[in-house]
Amino acid sequence: MNHLLSGARGAAADWNARMLAQAADGTRRGTRWGRGAFAFVPSVLAVGVLGAALAQGALAANFSVTGQPFTLTSNGVEGSGFGAIVNTPAVGRPDGTTSTDTAMARVGFASAHLAGLCGIVHQTIAGVPYSLLLTGGQKVAATPPAAFTTDIDASNLYIQATELQAYGPTTLQNAVLGQSADQVTVAGKPLTGALPGGFGLGSAGGEGGSSIALHGLNASAYDAEMAGALVLPDLKIRVVAGTATAC
């Protein structure tokens, strides 16, 4: 097993070096955490390498794991320019095919502030279960606190999830529940997959007018995209044996 992990780390390091060299030519900016192109790369290794590049500011961010959800949790989220729709995105499978038969919520924030971040990906390598833990900012508690202070800043944050819930009071301001999905915009753009007449949660006062505060966040997500800037202090990436449920 040590030999397997050593080889995996070497492959990941080589991959990261190539990505950093490509990023250095100035053609890409920000942080992008990988799409379904990782069908032939163990997901935890792909995510770990991209997370390391994210920490160095070399890539811009789109985080996904082919064909399976991952968990995102935080002690709390405050966001403005908030919008949400229901859509049926293409979900990649390990064999390279896609399906569009799973309804999900696509949630966007023009500006978001999080109280810590914990991302958990489960993966089996050579029949052995592992968990990749990606954390940033303050420690995310198993039971979210009644009050929270944010320490992570992000712009143009999008989450595609089958389930997203808060554990305490949620405050919505200047929002319209039931707005036509194609009328919902985040940072001046419609949300991907929006259909005319579909369910939407948008702003009552024009672009940037809606806001939301979530006490505790737990999302079963297929995609988390950072189209703007991300300030993520104390980024840590760990691979642990077994099926982890908390960071």
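Strands here are DSSP runs of at least two residues, numbered from the N terminus. Keep in mind that this is a predicted model.

**Stop one: the surface.** Start by selecting residues 175-177, which make up strand E10, and pick out Leu177 in that strand. Leu177 has a relative accessible area of 65%, so it counts as exposed, the cut-off being over 50%. Now add Val86 and Phe199 to the selection: with Leu177 they form a nonpolar patch on the surface, and together the three have about 310 Å² of accessible area.

**Stop two: the salt bridge.** Next, show the side chains of Arg106 and Glu225. They form a salt bridge, with 3.3 Å between the closest N and O atoms. Arg106 sits in strand E5 and Glu225 in strand E14, so this pair ties together parts that are 119 residues apart in sequence. Is the pair buried or exposed? Both Arg106 and Glu225 are buried. Don't go hunting for others, as the structure holds one salt bridge.

**Stop three: the cavities.** Turn to the inside, where there are two cavities of 30 Å³ or more. The largest holds about 180 Å³ of space. To find it, select Leu72, Leu114, Leu117, Leu157 and Met226, which of its 14 lining residues are the closest to its centre. Then colour strands E2 (70-87), E5 (104-114), E8 (152-165) and E14 (211-226): each gives two or more residues to the lining of this cavity. Which strand gives the most? That's E8, with four residues. Finally, colour the lining of the largest cavity by class, and you'll get 14 nonpolar residues, with no polar and no charged ones.

Conventions: Residues numbered from 1 in each chain as written. Predicted model: local features only at pLDDT ≥ 70, side-chain atom pairs only at ≥ 80, totals over all residues. Heavy atoms only, no water. Patch = residues over 30% accessible without salt bridge, like charges linked within 9 Å, V, L, I, M, F, W, Y side chains within 5 Å. Areas by Shrake-Rupley, 256 points an atom, 1.4 Å probe, with all protein chains shown as cover. Salt bridge = Lys/Arg side-chain N within 4 Å of Asp/Glu carboxyl O. Buried < 20%, exposed > 50% of the residue type's maximum accessible area, 1.4 Å probe, protein only. 1 Å grid on protein atoms, 1.4 Å probe; cavity = no way out; pocket = protein on both sides within 12 Å on 5 of 7 lines; lining within 4 Å. Points joined across faces, edges and corners; volume = space filled by probe spheres on them. Nonpolar A, V, L, I, M, F, W, Y, C, P; charged D, E, K, R; others polar.
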